[in-house]
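Notebook open, coffee poured. I want to look up the pocket lining first and the salt bridges after that.

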Amino acid sequence: MTGSAPLVGLDLATARRWVLAARQSLAEERERIDALNVFPVPDGDTGTNLLLTLDGAVVGLRGRGDGDGLSLADGLGLMARGTLLSARGNSGVILSQLVRGVHEAAVAAGGDAMGPRELADAFQRASRVPRSG
């Protein structure tokens, strides 16, 4: 192998593609997730709630031309706000807090991009935020 590929991190374009791919996957699996009747309330709409909440991230960013000219931190901030404002049910609120944790990590990393270490920190922060409020 001649040389190695650079380690890829996260920039706003990649974060946007990631959210769109996650939204597509949720749309495809929504009914299966709804059928799980997930804890704490077996209400049969967890997949729908997650999908509607994630739609808020897409809409939040789309309101700014899909993030053209924004830093990663600014774009993730719009996504975090969008998910919070569109959060449905417990699962939606938890998802919005996970996005908030990734946004906080992007701010701590300087705003424009996150490398592998910063991305790992983002996931650790994201997993703590819903528990801490």
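**Entry 1: the pocket.** I started with the largest pocket and sorted its lining by class: 15 nonpolar residues, no polar ones and no charged ones. Note to self: this is a predicted model. The lining comes to 15 residues, and those nearest the pocket centre are Trp18, Val19, Leu95, Val99 and Val102. For volume I got about 310 Å³.

Next I asked which elements give two or more residues to this lining. They are H1, H2, helix H3 (72-86), H4 and H5. H1 gives the most, with 5 residues.

**Entry 2: salt bridges, the count.** How many salt bridges are there by the rule I used? The count comes to 6.

**Entry 3: Arg23 and Asp55.** I pulled up this pair and found their side chains in a salt bridge, 2.5 Å from N to O. Arg23 sits in helix H1 (residues 12-36) and Asp55 in helix H2 (residues 46-62), so the bridge ties together parts that are 32 residues apart in sequence. I also looked up exposure for Arg23: its relative accessible area is 24%, and since buried means under 20%, Arg23 goes down as partly exposed.

**Entry 4: Glu104 and Arg100.** Here the side chains meet in a salt bridge at 2.9 Å, N to O. Both residues belong to helix H4 (residues 89-108) and are 4 residues apart, about one turn of the helix. Is Glu104 buried or partly exposed? Glu104 is partly exposed, at 27% relative accessible area. Arg100 is partly exposed too, with 30% relative accessibility.

**Entry 5: Asp121 and Arg125.** I moved on to helix H5 (residues 116-132), where Asp121 and Arg125 are 4 residues apart, about one helical turn. They form a salt bridge, with the closest N and O atoms 2.9 Å apart. On exposure, I have Asp121 as partly exposed at 25% relative accessible area. Arg125 counts as partly exposed as well, at 26% relative accessibility.

**Entry 6: a network.** Last lookup of the day. Which residues are linked in a network of salt bridges? I found Arg30, Glu31 and Asp34 linked that way.

**Recap for tomorrow.** The pocket lining is 15 nonpolar residues with nothing polar or charged, and H1 is its top contributor. On the charged side, I have the H1 to H2 pair Arg23 and Asp55, the H4 pair Glu104 and Arg100, the H5 pair Asp121 and Arg125, and the network of Arg30, Glu31 and Asp34.

Methods. Residues numbered from 1 in each chain as written. Predicted model: local features only at pLDDT ≥ 70, side-chain atom pairs only at ≥ 80, totals over all residues. Heavy atoms only, no water. Salt bridge = Lys/Arg side-chain N within 4 Å of Asp/Glu carboxyl O. Buried < 20%, exposed > 50% of the residue type's maximum accessible area, 1.4 Å probe, protein only. 1 Å grid on protein atoms, 1.4 Å probe; cavity = no way out; pocket = protein on both sides within 12 Å on 5 of 7 lines; lining within 4 Å. Points joined across faces, edges and corners; volume = space filled by probe spheres on them. Nonpolar A, V, L, I, M, F, W, Y, C, P; charged D, E, K, R; others polar.
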